[in-house]
Amino acid sequence: KAKSTGRNTFRFYEAGMDAMVAKRTNLELDLRDALQRGDFVLHYQPVIDLASDEAVGFEALLRWQHPVRGMVSPADFIPLAEETGLITTLGAWALREACREAASWPHDLSVAVNVSAIQFQQPGLEQSVMHALSASGLPARRLELEITESVLMQDAQAVVACLHRLRGLGVRIALDDFGTGYSSLSYLRQFPFDKIKIDRSFIREIGDPDAAAIVRAVVGLGTHLGIAITAEGVETREQLDQVRSEGCTEVQGFLFSQPLPALDALRFIDVRLSSAA
Ligand code: C2E
Ligand code: MG
Ligand code: MG
Ligand code: MG
């Protein structure tokens, strides 16, 4: 009895895995197509400065408008793009597109672009950044690159050297999803980041004294090291009040806005400017 159950279970998994592999293969083919067809777009989520309560920039976030599946989440296609190496081309496209868009914004607004660990393993990241800047005319200081701790878990020395060269171009470097990786604190000694973005899992729990204490500690570190601190995923007024009182310098989150198509992002700025005046 145990044996037959075992065999059935095995068959079940085997069939399930075939289906999974088929689905992945399709998605992978689709991904290659999508780049060619131009089915990717960037949406832009405002970054609010807590000193002025004004938007100081946007984070560019990839969206895949699949002709059949509809909107595919980056959580589903970024890992696939990373495994297949397509992230290099996709990432270079996102850099060009975000810089092109940002060049048309009011001049004090910056744009943040997420860069995958895989892009650091491939040659050409610096060239992609330089090309995106020169093609768009966007001043380097208005571009911020967001990396996660996983980037530094690779060949840290090579990555840190690359980060210094990127910084040398004048772009800013932010450490994204802070607190979700391993031994986060050691990374802060390896590279002088311009910004730390506290992962939204801490902000979601910030009503809890332990989570609040962690946020406070990160803010303390940031202040000491001269690093700006962004709270990600602020959804409620209470969370906003709390991250403000803990000393975070910037916030992003659905309380202010979801990521928006480029046109709506500009409208968001206009509305806030006119309601402030
Ligand atoms: P991330 O860089 O940490 O981006 C923040 C994510 O949190 C975004 O999800 C955003 O829509 C979401 N978010 C923002 N505010 C809130 C909030 O108040 N509540 C909740 N529940 N969520 C909020 P999204 O757009 O689905 O992107 C997910 C992840 O995919 C990003 O996390 C980033 O790691 C990756 N990603 C997106 N675009 C790119 C890209 O162009 N390149 C690379 N390499 N990765 C990207
Ligand atoms: Mg990010
Ligand atoms: Mg993040
Ligand atoms: Mg994330």
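# Exercises on a predicted model

A search of the whole structure finds six aromatic pairs. The model is predicted. The exercises below start with those rings.

## Exercise 1: Aromatic pairs

Determine how the rings of phenylalanine 40 and tryptophan 64 are arranged, and which parts of the chain they tie together.

Step 1. Take the geometry. The ring centres of phenylalanine 40 and tryptophan 64 lie 5.5 Å apart, and the planes meet at 35°.

Step 2. Classify the pair. Planes under 30 degrees apart count as stacked and those over 60 as edge-to-face, so an angle in the remaining range is called tilted. The pair of phenylalanine 40 and tryptophan 64 is therefore tilted.

Step 3. Place the residues. Phenylalanine 40 belongs to strand β1 and tryptophan 64 to strand β2, so the pair ties together parts 24 residues apart in sequence.

Step 4. Check burial. Phenylalanine 40 and tryptophan 64 are both buried.

Step 5. Set another pair beside it. Phenylalanine 191 and phenylalanine 193 are edge-to-face, with 5.1 Å between centres and 75° between planes. Phenylalanine 191 is buried at 1% relative accessible area. Phenylalanine 193 also counts as buried, at 3%.

Step 6. Look for a cluster. Ring pairs join Phe40, Trp64 and Phe77 into one.

## Exercise 2: The two sides of helix α2

Find which residues of helix α2 are buried, and describe what lies at its ends.

Step 1. Locate the helix. Helix α2 spans residues 74–84.

Step 2. List the buried residues. They are Phe77, Leu80 and Ala81. These cover an arc of only 100° around the axis, which puts them on the same side of α2.

Step 3. Turn to the other side of α2. There, Ala75 and Glu83 are exposed.

Step 4. Inspect the N-terminal end. Serine 73 caps it, with a side-chain oxygen 3.0 Å from the backbone nitrogen of alanine 75.

Step 5. Go past the helix. Glycine 85 follows α2 and has a positive phi, near 85°.

## Exercise 3: Two magnesium ions

Identify the donors of each magnesium ion and the residue that coordinates both.

Step 1. Start with the magnesium ion (ligand 2). Its coordinating residues are Glu59 (OE), Asn114 (OD1), Glu146 (OE) and Asp176 (OD), at 2.0 to 2.2 Å. Along the chain, these donor residues are spaced E-x54-N-x31-E-x29-D.

Step 2. Place two of these donors. Glutamate 59 is in strand β2 (residues 54–66) and asparagine 114 in strand β4 (residues 110–114), so the pair ties together parts 55 residues apart in sequence.

Step 3. Compare their exposure. Glutamate 59 counts as buried at 5% relative accessibility. Asparagine 114 counts as partly exposed at 30%.

Step 4. Move to the magnesium ion (ligand 3). Its protein donors are Asp176 (OD), Asp177 (OD), Glu232 (OE) and Glu232 (OE), lying 2.0 to 2.6 Å from it. Their spacing along the chain is D-D-x54-E.

Step 5. Find the bridge. Aspartate 176 coordinates both the magnesium ion (ligand 2) and the magnesium ion (ligand 3), which are 3.9 Å apart.

Step 6. Check burial again. Aspartate 176 is buried, at 6% relative accessibility. Aspartate 177 is partly exposed, at 24%.

## Exercise 4: Surroundings of two buried residues

Describe where histidine 43 and glutamate 250 lie and what each touches.

Step 1. Place histidine 43. It sits in strand β1 (residues 40–49). It is buried, because its relative accessible area of 13% falls below the 20% limit.

Step 2. Name its contacts. Beyond four places in sequence, histidine 43 touches Glu59, Ala60, Leu61, Arg63, Met71, Pro259, Leu260 and Pro261. One of these, Glu59, is also among the residues coordinating the magnesium ion (ligand 2).

Step 3. Place glutamate 250. It lies in strand β9 (residues 250–251). Its relative accessible area of 12% makes it buried.

Step 4. Name its contacts. Leaving aside neighbours within four places in sequence, glutamate 250 contacts residues including Val47, Ile48, Lys195 and Thr230. Its side chain makes a polar contact of 3.2 Å with the side chain of threonine 230.

Step 5. Relate sequence to space. Glutamate 250 and aspartate 53 are 197 residues apart in sequence, yet 8.9 Å apart in space, C-alpha to C-alpha.

## Exercise 5: The whole chain

Summarise the protein chain by its elements, burial and contacts.

Step 1. Count elements. The chain has 12 helices and 10 strands.

Step 2. State burial. Of its 277 residues, 44% count as buried.

Step 3. Consider contacts with a separation of 6 or more. Residues 24 or more positions apart account for 67% of them.

Technical notes. Residues are numbered from 1 along each chain as its sequence is written. Chains are lettered from A and ligands numbered from 1 in the order in which they are written. This is a predicted model: local features need pLDDT of at least 70, side-chain atom pairs count only at pLDDT 80 or more; totals for chains, interfaces and linings use all residues. Side-chain values use heavy atoms; hydrogens and water are left out. Helices (H or I, at least four residues) and strands (E, at least two) are DSSP runs, numbered from the N terminus. Buried means under 20% relative accessible area, exposed over 50%, partly exposed in between (1.4 Å probe, protein chains only). Contact means heavy atoms within 4.5 Å. Donors are N, O and S atoms within 2.8 Å of the metal (3.2 Å for Na, K and Ca); water is not among the atoms, so sites may look incomplete. Rings of Phe, Tyr and Trp (its six-membered ring) pair if their centres lie within 6.5 Å; planes under 30 degrees apart count as stacked, over 60 as edge-to-face and the rest as tilted. The arc is that of the directions from the helix axis to the C-beta atoms. A polar contact is a pair of N or O atoms within 3.5 Å; within protein, one must be able to donate a hydrogen and the other to accept it, and residues adjacent in sequence count only if both atoms are side-chain atoms.
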